[in-house]
Amino acid sequence: MLERDGWLRDSFMKWQGAILLGLKWEQGIISMNMPRILAASTLALLMTSVAAPAMAQVVVTMNTVQIFGTIDPAKISDYTDYMAGVNLYDGLVSVDSSGSIIPELAESWTVSDDAKEVTYKIRDDATFADGSPVEASDVVYTVERLLRINQGPANLFADVLAPGSVVAVDAKTVKFTLSKTFAPFLTTVPAIFILNADVVKEHEGTDDAQEWLANNVAGAGAYSLKSWDRGSQMTITRNPDYYKGFTGKPIDEVRWIITNDEATVRSLAASGELTMSSQFQSPETYKALVDMGRFNLVTQDTATAFYLKLNTQIAPTDDIHIRKALALATDYQTIREVILPGGELSTPLPKVFAEFHAGDIPAPVYDLEAAKAEVALSKYAGQPIPITLGYVADTKFEEEISLLMQANLEQLGFVVTQKADPWNVITEIASKPETTPAVNQIFFGPTYPSPDSMFFTQYSSKAAGTWSSMEWVNDPEIDQLIEDARGTGDVAKQAEIYKTLQHKLVDLQPDVFLQTQTVQHAMDKCLTGFEAVPMQSFDYDFTRYQWTC
Amino acid sequence: MTEIPADNSPRRLSNAYQNWYRFSRNPTAVIGAAIVVIVILAAILAPWITPYPEHVGAVVNFRARHLPPSAEYWFGTDNVGRDIFTRTIFGLRISLLLALVVLGTAVPVGTVLGLLAGYFGGWVEIVIMRITDIALAIPPLVMALAVAAVLSPDLINSMLAIAALWWTWHTRLIYSITRQIRTQEFIEAAETLGASKFHILIREILPNCVSALAVKTSLDCGFVILVGASLSFLGLGIQPPTPDLGTMVASGSAFLPDSWWESVLPGCAILVVALGFNLLGDGLRDLFDVQEVR
Amino acid sequence: MSQALLSVDNLSVDFSTYGQTHHVLKNVSLDVPARSQIALVGESGSGKTVTMKAIMGLLRQPPATIAGGRIFYDGRDLLTLPDKERLKLRGTAMSMVFQDPMSSLNPVFTIADQMTTILKYADRRLDRQRNGRDRLARVHEVLTQVRMRDPERVARSYPIMLSGGMRQRVLIAMALLSEPKLLIADEPGTALDVTTQAQILKLLKDLVEARGLALLMITHNLGVVRETSSYVYVMNKGQVVEHRPTAELFAAPREDYTKALIAAVPRLTGGTRFGTAEVAP
Amino acid sequence: MEFLAFLVRRVLWSLLVLVGLSIVIFAIARIVPGDPARMALGPTATAEQVADLRADLGLDRPIVEQYGRFIAGLARGDLGRSLLNERPVASDIRDTFAATFELVLFTIMLAFAFGVPLGVAAARWKDRWPDNLVRVFAIFCAVTPGFFLALLLQILAGYVLHILPTTGRLPPSMDFAADITGLVTIDGLLRGRLDVVLEGLRYLLLPSIALAAATMGQIARITRSSMIDVASQDYIEASRAFGVPERVRVFKYMLRPSFVPPLTIMGLEFASLIGNAFVVELVFAWPGMAAYGIRTILQKDLNAIMGVVMVSGVFFVLVNLLIDVLVGFVDPRVRIRGRRA
């Protein structure tokens, strides 16, 4: 233990001597040959993979950057949760890439004139994964449980559904009665994944089967859970008896590998394990994957918008001129072309919502001189202006955008502090205006395919205090417009209101409208079927995918 | 006791000379010391010796991103086009600061507790040494992560967390030396002559620990820097754009293997710094013939 | 001269360290006839230990080199003997009793383990056929010979479980394992208290006499010389300065060095007049 | 019997360390600024919900009672529920610990398998070129940051040479659940799946090399100096004089007593080994407890953090107990005197 000799002392002096002596190795203490041969052959064995690549089944391996939080339909809330949910469960209806509501368990539905009553007719052949039929009572049980637990998608229905407002008219007919007119209601229904009430009740326990459903599935989805290692992977397999059946060559098994490490993704791709990348890889990774020859880069515009959310309650972004200056000091082109590919965003609402989008508003421009002029108009003119730029830690492009903003803002006399926080910390600091940074890079996509999702969640004072409303707009006029749009079933009237809203918000400039998100996936050339859907991660419903080889 | 004057100084002088002579004939120590001196000077003089001192701040030059090492950019450029050499040299500052803060806290605390435990024995010893046993069971990196997580993830908290565990090694070291010395004759002599406990601890025992402390501290500098780099690699470093070696390795690793220089070269810088302190420590160990320090 | 069991003839040994050569042994000659008890006396650094190591073939070369001379054992020159032949003698025909009972036994193996291992390789060198059980029996036998009361228990013990005197006896037993003809004893018992040392020396003397062994006693202690030997060689600075029958030497030492040694012997209060004697580097 | 007493003392001692550790961890957990309940429920929760959860978690009780509950939970193997996903922390740690254990086990085996022979070779050819080579190698091992070595290995073996997998524990396409011991290689053997064993070893190789380097360097250094120390002992010279061959002297008489210092060092360094595992698991996407720890720490999942630190500490204490037994086995002086030399 006591290292008393100078253990490197002489090595350098003796080094030269050893080389001069011709590196003569004294006779070995033991014969080295046998162990050496053994070691060499063991090493050789280790170097060769024994994994057999051939497989009769179609298996899609995809990486995802976040862990699956939960698979309980009453709790799933984020993008990654829905990725699993949409495959493991079916809803009454679903959403297609245009944002239209399409039948799933329900074959048809009717809406009353005042839009307060919606009745769904369930398919006769609809069955759960265990073969039992899907009935209206299952829907009632699912909604009641959702409202009881009051987490996840429940917030979509907080004001419109109460216990007892969903009733089974007959075995295959279920009626929703809303407590008030809520125009976007139909578009929120896909978020309700129907539970197999009989199975769940068996495991109800004292906690509404929360513990059981955290690890088990009782639904009508096309896939069932095969294995789930919380930190590293989830695997689902196809239910051959899925009531809707499959066409073409369906995906038999989907494996999600959880990693946000670019190097990992590349090595998975290089070893042939990866079929499809997540949408969050770096440009370098996409390029590397495409260069391998096996992958196509599939690029699509989405309804998700990327904003710099400006906290309108704290200095210096409480000043409209500072906010305008920030918008003018943003180098949209560099961001779009070099840092993160994206589409043009000119108002809070992406162009995907074509009927509702205010096309007359021009795209924002990058003009440092004009920005200087705006700063001069502000109450902070003529002094160093401290400002905090917040972004999600470990997100390469956000760090780059933040640095780009800092470089530009320093020319305008801002004193910039960068604040990189992990996502859960951001959700925490977003709960109070004082802790919300002045500038925040936030993606926001519709959680249901209606403009209401974009406006209400981000700008209504009723939805204040979350990461999606870091602007703290709190403007009665805007609140009113959002309510007005909700209260009318007339689409033309809604469009009118939404366009007015967009003008007001652009004038108010609570955000820098950076761009719409373009999703990119590196997909195996044999895999088709990805179509961006303007609701959560419904675009990873693998019944929509095909294997073409 | 009164001091014995004069007689000491010529001997000290020749001691110093002798030490220097032995030091200069010890290649390990010399190479280590050279690295350490160069690193410290580079960190201090960074603004004057680096080609692009402005690149420590928010400079973006997307046309020059991911450039390989060249005459213009010795270590290449990073993902926003900043000079990695400049940022590496500046990054040394954070590493050295970390070592300074951690050891500046841990060494005095550890030394005092080690002296007390070793000299007084009894309950003092039991309490102090048992605490070190507990602290030894927690990996410093994990502790730093946990503390940083419950407070807020920044370098200061991490430093404090590391310091809160690091003193134990110094306590153990000083404790074992003190235990050995305590029974020696010159201590007994001093006690018999009525010297105060304070005097004995500070003037008789402490000087005998100095060489071991120097060795240990030098070795530890290297290891603290490694732990600090690991922390910033895990995302608990300093906020950008301030350069930090561990953070640079982490962010550069996203561009492996094509832009290997973005993580490999800052990583080599960490290695060199740690190597320097280790060689120096090893050299000092030979010089002082300190056996207690591994 | 060739009649002697062991005969060292004009042996010179050099040590080279850091480019310098020291003549450690200069033309040392000594004879150990069969069944005789000879002493080699000198203070530390006088060269007696090097002489002993040279005889046993334990010198590390480098740094040591044999610069000249011959060592005969039973008429064969050990220095020209092939390694294999020489190994057959070491620890078997000529064996050693080590000085420090505390450090000369491996602390992590039992006595039986250490002794049977020695015996095993001695057997192998001498092409003796013997199985493990027989070896252990031999170990017990030898331990009995050194007057151990409970040889089985001693054999099972680790060194730490035995007293200093017992360990010293184990060391003697080790030397006797292969029934040597020549025993070289390196200051046995110096590390023990006086009474125990006396017992050990008595034991050694009895054993040697009973089995007709030749003994070369290496020591710095003339008291030991007087007790154990009939003829004595005095060494100083790598040379034999005087050699005579023991009784004669004590009666009328010739060399000043020997006189000084004798004068230094029986001081019970410790300390010698001999502290100024020069010590070779 | 002395040894038994020694072990009993060590066990009691370890328990005391664990109690101390639990106090430290509990203290850390309670200095959190802000309300764990609020953090868990998120910003949209009502004050009422927060109060409910506080009561649920016992946060409204006196601090001593909270500690008592914590300890009682620990004794039952209950580490509370994750504040984020409400799963029991203990089961999450159990799921991930096996992977970490396998990695650490393999790492220690590697470190000894290479460190000890290197140290022996260096001591055998002291001051000659093998010695110098080993010493330079060892110091580089000791000063290379674990994460950096991990990255270098990943580039080299994964991208440049394309010979070894760089992420995960088994190929995703391989159907295998390690459900006996949790260790892929062992379970593979038990189930007679040689392909799994081989793949498991291939996946283990890079992470364990990255993790083993520092420890291996230390072991080589310590083995070397302790071999040199032992070589100069009288008993080695004595065995030489009695004609015991060098092979036996080096590998039996010298190696065994030389084994104690590296073992002791292993025990002391084990904490930093676990610390390094956090980084290495992250780089190689190894689904272990360390990776879980990083994740929960970044997400401020308080119960999970406490659980991970506690389990790391327990792991450390157990390994040190095991090392005490091993040292006693190797060195009878410890066994007989009942304390370490």
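Modeller: Let's start with a word we'll need: two residues are in contact if their C-beta atoms, placed from the backbone, lie within 7 Å. Keep in mind that this is a predicted model.

Colleague: Okay. Which two chains have the most contacts between them?

Modeller: Chains A and D do, among the four pairs of chains that touch.

Colleague: And which chains does chain C not touch?

Modeller: Chain A, for one: no contact joins chains A and C, and their closest C-alpha atoms lie 13 Å apart. Chain B doesn't touch chain C either, with nearest C-alpha atoms 15 Å apart.

Colleague: So how do I read a place where chains do meet, like C and D?

Modeller: People often give the size of an interface as the accessible area lost when the parts come together. Here we can go by residues: 24 from chain C and 19 from chain D take part in the contact. On the chain C side, helix α3 (residues 111–125) of chain C gives the largest share, five residues. That side of chain C has 15 nonpolar, six polar and three charged residues.

Colleague: Now helices. How do I describe two that pack together?

Modeller: You use the angle between their axes and the distance between the axes. Try helix α6 (residues 129–143) and helix α9 (residues 194–231), both of chain D: their axes come within 7 Å and cross at roughly 140°.

Colleague: Why is α6(D) called oblique to α9(D)?

Modeller: Because of that crossing angle of roughly 140°: only over 145 degrees would count as roughly antiparallel. The crossing is also left-handed.

Colleague: Which residues of α6(D) meet α9(D)?

Modeller: D:Val134, D:Ala138, D:Ile139, D:Cys141 and D:Ala142. Their partners in α9(D) include D:Ala213, D:Met216, D:Gly217 and D:Arg224. By class, the residues of this contact are nine nonpolar, two polar and two charged.

Colleague: What about the inside? How many residues are in the largest nonpolar core?

Modeller: There are 198. Those touching the most other members are B:Val102, B:Leu145, B:Ala146, B:Ile162, B:Val224, B:Ile225 and D:Ala150. Leaving out residues up to four places away in sequence, B:Leu145 touches B:Leu234, B:Leu236 and D:Ile297. A second, separate core has 81 residues, among them A:Ala74, A:Ile76, A:Ala522 and A:Val533.

Colleague: Last one: what does chain A's own fold come to?

Modeller: Chain A has 17 helices and 18 strands, and 48% of its 549 residues are buried. Of its contacts with a separation of 6 or more, 69% join residues 24 or more positions apart.

Definitions and conventions. Residues numbered from 1 in each chain as written. Chains lettered and ligands numbered in written order. Predicted model: local features only at pLDDT ≥ 70, side-chain atom pairs only at ≥ 80, totals over all residues. Helix = DSSP H or I, 4+ residues; strand = E, 2+ residues; numbered from the N terminus. Buried ≥ 20, exposed ≤ 12 C-beta atoms within 10 Å, placed from the backbone. Axes fitted to C-alpha atoms, helices over the stretch in contact; angles between N-to-C directions. Parallel < 35°, antiparallel > 145°, perpendicular 65-115°, else oblique. Left-handed = near helix turned anticlockwise from the far one by under 90°. Nonpolar A, V, L, I, M, F, W, Y, C, P; charged D, E, K, R; others polar. Core = buried A, V, L, I, M, F, W, Y, C linked by C-beta atoms within 7 Å.
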